[in-house]
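Here are some friendly exercises to work through with the structure in view. Try each task before you read its solution.

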Amino acid sequence: MTRNDKEPGSAVSVRGLVKHYGETRALDGVDLEVREGTVMGVLGPNGAGKTTLVRILSTLLAPTAGHATVAGYDVVRQPRQLRRVIGLTGQYASVDEKLPGWENLYLIGRLLDLPRKEARARADALLERFSLTEAARRPAATYSGGMRRRLDLAASMIGRPAVLYLDEPTTGLDPRTRNEVWEEVRRLVGEGVTVLLTTQYMEEAEQLASELTVVDRGKVIASGGIEQLKAAVGGRTLRVRPADPLQLRPLADALDTLGITGLAGTTVDTERGAVLVPVLSDEQLTAVIGAVTARGITLSSVSTELPSLDEVFLSLTGHRAGVPQDAVPAGTREEVAA
Amino acid sequence: MSGTAVTTGLRADARIPLRAHLRHTGALVRRNMLWIRQDPESMFDAVLFPIVFTLLFVYVFGGSIGQSLGGGQEAYVQYIVPGLMAMMGMNMAQGVGTGFNQDFNTGVMDRFRSLPIGRGSVLFAKISVEMVRMLIATAVLLVVGVLVGFDITHWPGLFAAVGLSAVFGSALMWIFLTLGVVMKNAQSVQAMGFLVLMPLQFGSSIFAPPQSMPGWLERFTEYNPLSALADAARGLMVGGPVAHDLWMTLGWSVGITAVMAPVAIRKFRTKH
């Protein structure tokens with residue numbers, strides 16, 4: 001991981017950030033660079049240090065060592081100026097549930113030194129924009145999970161922040177609401193907001209982020225463009241199910257002997273009667289489907305899956321241990337699945 | 001602290017002007033006031049507490065304690081109402097701690113702390129609102145007191161007594177705010193408050209004259225700031241010596257505030 005020194009377009013710059021809680025090393029030398037106008041996904045399991053990172057970057061927590069700047073402001077030396085340029089949407093909706101939606105936004109506006117009239121106008125506009133106008137006068141406690149997150153996002157946007165932190169923004173939401181939140185985040189990004197997103201889900205990272213930093217136990221274990229990392233962890237998995245279960249083995253054999261370059265071995269999921277094929281590109285995916293049809297095997301379903309966080313970790317830590325990715329034999333994978 | 005290299009030419013951090021502090025505190029006061037409007041039941045304790053305590057003490061203990069004061073129930077009314085006024089601040093202060101602690105366990109405190117506001121504003125706002133509650137409780141107390149026969153002989157002294165209770169109450173609030181920040185949950189704040197407050201309240205001249213207490217307890221009550229406040233309030237409202245107790249109370253208030261306000265703000269600032 002080599003990095004250029006001080007890129008001019010860097011919105012968040014983190015160098016060697018360390019945070020200890022007694023014996024626990026929540027962060028153990030993290031480096032991170034978020035370019036302006038991009039979405040950086042910080043992917044990691046529970047306890048990886050994601051929230052600690054966000055809390056340091058929003059001045060809620062002082063680092064033990066290291067250096068971090070946001071929009072050029074130092075987290076330790078210039079906390080007040082820094083707070084002016086950030087927006088924070090935490091893991092738990094950080095709105096006052098007893099207050100109506102409108103009052104929540106008006107309050108934040110006033111705390112950000114907007115004159116009364118402007119604070120009012122901004123609250124109205126943001127409620128409108130996040131489709132909350134009808135619920136404006138109701139206490140936030142009566143909102144649904146999705147509405148609360150939207151209100152939370154709206155509250156984060158009042159100060160027109162240059163950098164927005166989204167700390168696991170969809171944890172605990174149902175799939176529909178999650179899509180809703182993603183949609184809002186994409187709109188914000190479209191308006192040029194820089195986003196630092198933490199998540200436990202590869203899918204979420206893929207949906208929103210352009211670059212990814214994978215953290216584990218306070219350390220960065222991989223970083224780079226999302227396509228690049230996806231390729232490193234084996235891209236997607238294609239799940240093909242033959243209409244006739246007896247065709248399962250022949251199908252797997254056929255796919256194994258395809259001879260498509262770079263295609264890793266297949267796995268047979270006998271329980272669900274499907275063959276799993278890791279594919280690295282759309283071309284490979286098309287080639288596999290083409291080959292299956294050419295053999296005259298009828299399929300009942302075809303789907304693709306992203307590698308789970310577990311798989312990402314398996315391959316990344318495997319990578320770090322010095323085992324080249326393409327050396328992971330098909331047999332190993334089969335054992336994992338069985 | 002941070003092991004960063006010395007950076008030269010870095011702009012100094014912005015300061016928050018006083019006017020902005022006031023504006024922020026005002027906005028947060030509005031928030032706390034809206035809570036009351038949203039949930040009027042939260043005012044129940046402020047209203048009911050003085051009614052229940054006044055009736056309870058006057059009618060249950062009034063007769064017998066009044067005798068030792070050289071009168072009857074009427075004599076005790078004159079004694080207990082200023083005493084309860086002293087107690088009011090303490091009770092309201094305890095509520096501050098629990099309320100503040102609950103506030104902390106929601107994400108909204110994180111939001112406030114990530115905004116460019118003076119971190120004292122959140123605490124000052126909380127105290128201002130609790131003062132309003134305290135004044136309401138005191139007003140109720142006085143009304144009930146007058147209904148059961150309390151005779152205010154020094155009207156200017158009444159306002160002085162209310163003011164003095166408020167000053168002392170606000171000093172106590174800093175202690176409870178600190179507890180609210182430091183302790184894990186609202187229940188422990190409440191339990192802690194109860195453990196400290198019970199002996200302080202009853203080991204004072206609030207409810208009964210200390211002369212009848214054993215020597216060691218009498219000495220304790222002498223140094224108990226609540227006794228000073230209760231006696232000062234008595235002196236101010238119904239006549240009697242005031243100066244010594246007044247200065248004692250003010251001294252305690254200033255002392256507690258000077259120590260605990262910075263501690264509370266500091267703890268609030270560095271809370272994870």
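Two residues count as in contact if their C-beta atoms, placed from the backbone, lie within 7 Å. Keep in mind that this is a predicted model.

**Exercise 1.** Find how many residues chain B and chain A each bring to their contact, and describe the side of chain B.

*Solution.* Start with the totals: chain A gives 35 residues and chain B gives 27. Next, look for helices on the side of chain B that touches chain A: helix 1 (18-38) and helix 4 (108-113) of chain B each supply at least two residues. Helix 1 of chain B makes the largest share, with eight residues. Finally, sort this side of chain B by class: 11 residues are nonpolar, eight are polar and eight are charged.

**Exercise 2.** Work out how helix 3 and helix 9 of chain B are placed relative to each other.

*Solution.* Two packed helices are described by the angle and the distance between their axes. In chain B, the axes of helix 3 (residues 73-104) and helix 9 (residues 225-238) come within 8 Å, crossing at roughly 125°. Angles over 145 degrees count as roughly antiparallel and 65 to 115 as roughly perpendicular, with the rest between these ranges oblique, so helix 3 of chain B is oblique to helix 9 of chain B. Their crossing is right-handed.

Now find the residues that meet. Helix 3 of chain B offers, among them, P82(B) and M85(B), while helix 9 of chain B offers residues including L229(B) and A233(B). The residues of this contact divide into nine nonpolar, two polar and one charged.

Key. Residues are numbered from 1 along each chain as its sequence is written. Chains are lettered from A and ligands numbered from 1 in the order in which they are written. This is a predicted model: local features need pLDDT of at least 70, side-chain atom pairs count only at pLDDT 80 or more; totals for chains, interfaces and linings use all residues. Helices (H or I, at least four residues) and strands (E, at least two) are DSSP runs, numbered from the N terminus. Ala, Val, Leu, Ile, Met, Phe, Trp, Tyr, Cys and Pro count as nonpolar, Asp, Glu, Lys and Arg as charged, and the others, Gly among them, as polar. Axes are lines fitted to C-alpha atoms, for helices over the stretch in contact, and angles run from 0 to 180 degrees between N-to-C directions. Angles under 35 degrees count as roughly parallel, over 145 as roughly antiparallel, 65 to 115 as roughly perpendicular and the rest as oblique. A crossing is left-handed if the near helix is turned anticlockwise from the far one by less than a right angle, and right-handed if clockwise.
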